[in-house]
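Please open the model in your viewer and keep the sequence panel beside it, since this tour moves from one selection to the next. At each stop, make the selection first and then read what is there.

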Amino acid sequence: MDELLRIICKQISDLNFDRDRLIQNSNACFIFNVLRNTQCGEERLWEPVLSYICQNASAILKQNSFLELSTDSLVDILREDSLAVQSELEVFKLTMKWGMANLRK
């Protein structure tokens, strides 16, 4: 299993993130969560995804995949000063929705 993970991480690190093709609003949280929370979690791999999420935050944070973020991934996103949202109230409401969804797990 460790060997498989090493191979997958190498493949991911060899990718050039073509944000227009690879990362979309519907999959950005999933990709970020995987890269952030695995042994592939080198910041240089997940930083472009986090940047994409920040630039498109109003739409992305309303995706169902947002509710599947780990606590660490959510905190990383919320710490960003560049989060493009209408207001902090929007972030608060979406974070409360995330919390309610994760209480049920």
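Begin by selecting D76 and R36, whose side chains meet in a salt bridge with a nitrogen-to-oxygen distance of 2.3 Å. D76 belongs to helix 5 and R36 to helix 2, which covers residues 28-37, so this pair ties together parts that are 40 residues apart in sequence. While both are highlighted, compare their surroundings: D76 is buried, with a relative accessible area of 12%, whereas R36 counts as partly exposed at 21%. Please keep in mind at this and every later stop that you are looking at a predicted model.

Before going further, show the whole chain as a cartoon. What does the secondary structure of the chain come to? There are six helices and zero strands, so that the pattern read along the sequence is α-α-α-α-α-α. Of the 105 residues in the chain, 33% count as buried. If you consider contacts between residues at least 6 apart in sequence, 75% of them join residues at least 24 apart. Switching to a surface view shows the outside of the chain, which exposes about 6,800 Å², with carbon and sulfur atoms supplying 53% of that area.

Now return to helix 5 and select S73, which has its place in this helix. Is S73 buried or exposed? S73 is buried, and its relative accessible area is 0%. Setting aside neighbours within four places in sequence, you will find S73 in contact with F32, N33, R36 and N37. One of these contacts, R36, is familiar from the opening stop, where R36 shared a salt bridge with D76.

The next selection is the second salt bridge, for the count in this model comes to two. Select E90 and K62, whose side chains meet with a nitrogen-to-oxygen distance of 3.7 Å. This pair links distant parts of the chain, since E90 lies in helix 6 (residues 88-103) and K62 in the loop between helix 4 and helix 5, with 28 residues separating them. Here too the two partners can be set side by side: E90 counts as buried at 13% relative accessibility, while K62 is exposed, with a relative accessible area of 54%.

Stay in the loop between helix 4 (57-60) and helix 5 (71-78) and select S65, which is also placed there. Although S65 sits in a loop, S65 is buried, with a relative accessible area of 17%. Which residues does S65 touch, not counting those up to four places away in sequence? The residues are S26, C29 and F30.

C29 makes a good next selection, together with C54. C29 is buried, with a relative accessible area of 1%, and C54 is likewise buried, with a relative accessible area of 1%. A disulfide is a covalent bond between the sulfur atoms of two cysteines. How many disulfides does the count come to in this model? The count comes to zero.

For the interior, select F32, V49, I53, F66, L69 and I77, which are the residues with the most contacts inside the largest nonpolar core, a set of 25 residues. Helix 2, helix 3 (43-55), helix 4, helix 5 and helix 6 are the elements that give two or more residues to this core. Colouring helix 3 separately is useful here, as the largest share of the core, six residues, comes from this helix.

Finally, move to L78, which is found in helix 5 and counts as partly exposed at 34% relative accessibility. Leaving aside neighbours within four places in sequence, L78 is in contact with V91 and T95. If you draw a distance from L78 to F92, C-alpha to C-alpha, the value is 9.8 Å, and the two residues are 14 apart in sequence. F92 then leads to the last selection, because L89, F92 and M96 make a nonpolar surface patch of about 320 Å². Within this patch, L89 has its place in helix 6 and counts as partly exposed, with 49% relative accessibility.

Notes
Residues are numbered from 1 along each chain as its sequence is written. This is a predicted model: local features need pLDDT of at least 70, side-chain atom pairs count only at pLDDT 80 or more; totals for chains, interfaces and linings use all residues. Side-chain values use heavy atoms; hydrogens and water are left out. A disulfide is a pair of cysteine sulfur atoms within 2.5 Å. Buried means under 20% relative accessible area, exposed over 50%, partly exposed in between (1.4 Å probe, protein chains only). Helices (H or I, at least four residues) and strands (E, at least two) are DSSP runs, numbered from the N terminus. Contact means heavy atoms within 4.5 Å. Accessible areas come from the Shrake-Rupley method with a 1.4 Å probe; for residues, only the protein chains shown count as cover. A salt bridge is a side-chain nitrogen of Lys or Arg within 4 Å of a carboxyl oxygen of Asp or Glu. A nonpolar core is a set of buried Ala, Val, Leu, Ile, Met, Phe, Trp, Tyr and Cys residues joined through side-chain atoms within 4.5 Å. Patches are made of residues with over 30% relative accessible area and no salt bridge: like charges are joined within 9 Å, nonpolar side chains (Val, Leu, Ile, Met, Phe, Trp, Tyr) within 5 Å.
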